[in-house]
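Please take a moment to look over the sequence and the structure below before reading on. The paragraphs that follow move from the strands to the helices, and then to single residues.

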Amino acid sequence: MMRILVAIDGSEPSGAAVREVRQRPWPAGTVVRVLSVARPLIPPGDLALVGAAYDQMSRELAEEARKVVVRAADALQQAGLSVETQVREGDPRTEIAAEAERWRADLVVLGSRGRTGVARWLMGSVAEYVVRHAHCSVEVARTPARPEVAPGVR
């Protein structure tokens, strides 16, 4: 049995990861786990001052993550794949790598936003971290810089 962890966040690059998994033939018995990690908000100042608003925003982020995994799971199931879903809270970089290990994934598939320079330095690259730290193979799906055009068509 092959285990594929698809890490998504609802962005177009994570949609590319779902499409990559969806369009390929996989061995019989393959199981896909769709994971979304809700990054907790770190409020400025004292937590007690923002308690209720912080809790509400955290619940909304977790709910959005659940919706994202359900949509992706539906698309993958329509392609005939056996699918599970998982939502975690934390830093997406470490949670994806940890989930791959916990679940004994054979492959992690995720998208990349393609940040470079200062943006990458400030925010870090989830894909780069997972490639470096996952215990298994990692595929980074990319969205084309421009839509593909049929040969001879402009």
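A good place to begin is the pair formed by strand 1, residues 3-7, and strand 2, residues 31-38, which run side by side in the parallel sense and are joined over five bridges. Within this pairing, Leu5 stands opposite Arg33 in strand 2. The model shown here is a predicted one, and this should be kept in mind throughout.

In general, the strands of a sheet pair through backbone hydrogen bonds, and they may do so either parallel or antiparallel. In this protein, five strands form an open sheet in the order 3-2-1-4-5, with parallel pairing. Strand 3 (82-89) and strand 5 (137-141) stand at the edges of the sheet and have a single partner strand each, so one side of each is left without a neighbour in the sheet. On average, and with direction ignored, neighbouring strands of this sheet are turned by 20 degrees against each other.

The strands are one part of the picture, and the secondary structure of the protein as a whole comes to five helices and five strands. When these are read along the sequence, they follow the pattern β-α-β-α-β-α-β-α-α-β. Among contacts between residues at least 6 apart in sequence, 77% join residues that are at least 24 apart.

How do the helices lie with respect to the sheet? Helix 3 lies across strand 1, strand 2, strand 3 and strand 4 (107-111), and runs at about 150 degrees to strand 2. Helix 5 also packs on the sheet, where it touches strand 4 and strand 5, and its direction makes about 165 degrees with that of strand 4.

These two helices also meet one another. Two packed helices are described by the angle between their axes and by the distance between the axes. For helix 3 (residues 92-103) and helix 5 (residues 126-133), the axes come within 9 Å and cross at roughly 35 degrees, and the crossing is right-handed. On the side of helix 3, the residues that take part are Pro92, Arg93, Thr94, Ile96 and Ala97, and they meet Val126, Tyr129, Val130 and His133 in helix 5. Sorted by character, the residues of this contact divide into six nonpolar, two polar and one charged.

One of the residues in this contact, Val130 in helix 5, deserves a closer look. Is Val130 buried or exposed? Because its relative accessibility is 0%, Val130 counts as buried. Leaving aside residues up to four places away in sequence, Val130 touches Arg93, Ile96, Val108, Leu110 and Val138. Val108 is 22 residues from Val130 along the chain, and the C-alpha atoms of the two are separated by 8.5 Å.

A second example is Ala62, which has its place in helix 2 (residues 47-78). Its relative accessible area is 15%, and since buried means under 20%, Ala62 is buried. Not counting residues up to four places away in sequence, Ala62 touches Ala38 and Val87. The C-alpha atoms of Ala62 and Glu89 are separated by 7.6 Å, although these residues are 27 apart along the chain.

Finally, the view can be widened to the whole protein, in which buried residues make up 37% of the 154 residues. The accessible surface of the protein comes to about 9,500 Å², and 52% of this belongs to carbon and sulfur atoms.

Technical notes: Residues are numbered from 1 along each chain as its sequence is written. This is a predicted model: local features need pLDDT of at least 70, side-chain atom pairs count only at pLDDT 80 or more; totals for chains, interfaces and linings use all residues. Side-chain values use heavy atoms; hydrogens and water are left out. Axes are lines fitted to C-alpha atoms, for helices over the stretch in contact, and angles run from 0 to 180 degrees between N-to-C directions. Helices (H or I, at least four residues) and strands (E, at least two) are DSSP runs, numbered from the N terminus. A crossing is left-handed if the near helix is turned anticlockwise from the far one by less than a right angle, and right-handed if clockwise. Contact means heavy atoms within 4.5 Å. Ala, Val, Leu, Ile, Met, Phe, Trp, Tyr, Cys and Pro count as nonpolar, Asp, Glu, Lys and Arg as charged, and the others, Gly among them, as polar. Buried means under 20% relative accessible area, exposed over 50%, partly exposed in between (1.4 Å probe, protein chains only). Accessible areas come from the Shrake-Rupley method with a 1.4 Å probe; for residues, only the protein chains shown count as cover. Two strands pair if DSSP finds at least two bridges between them.
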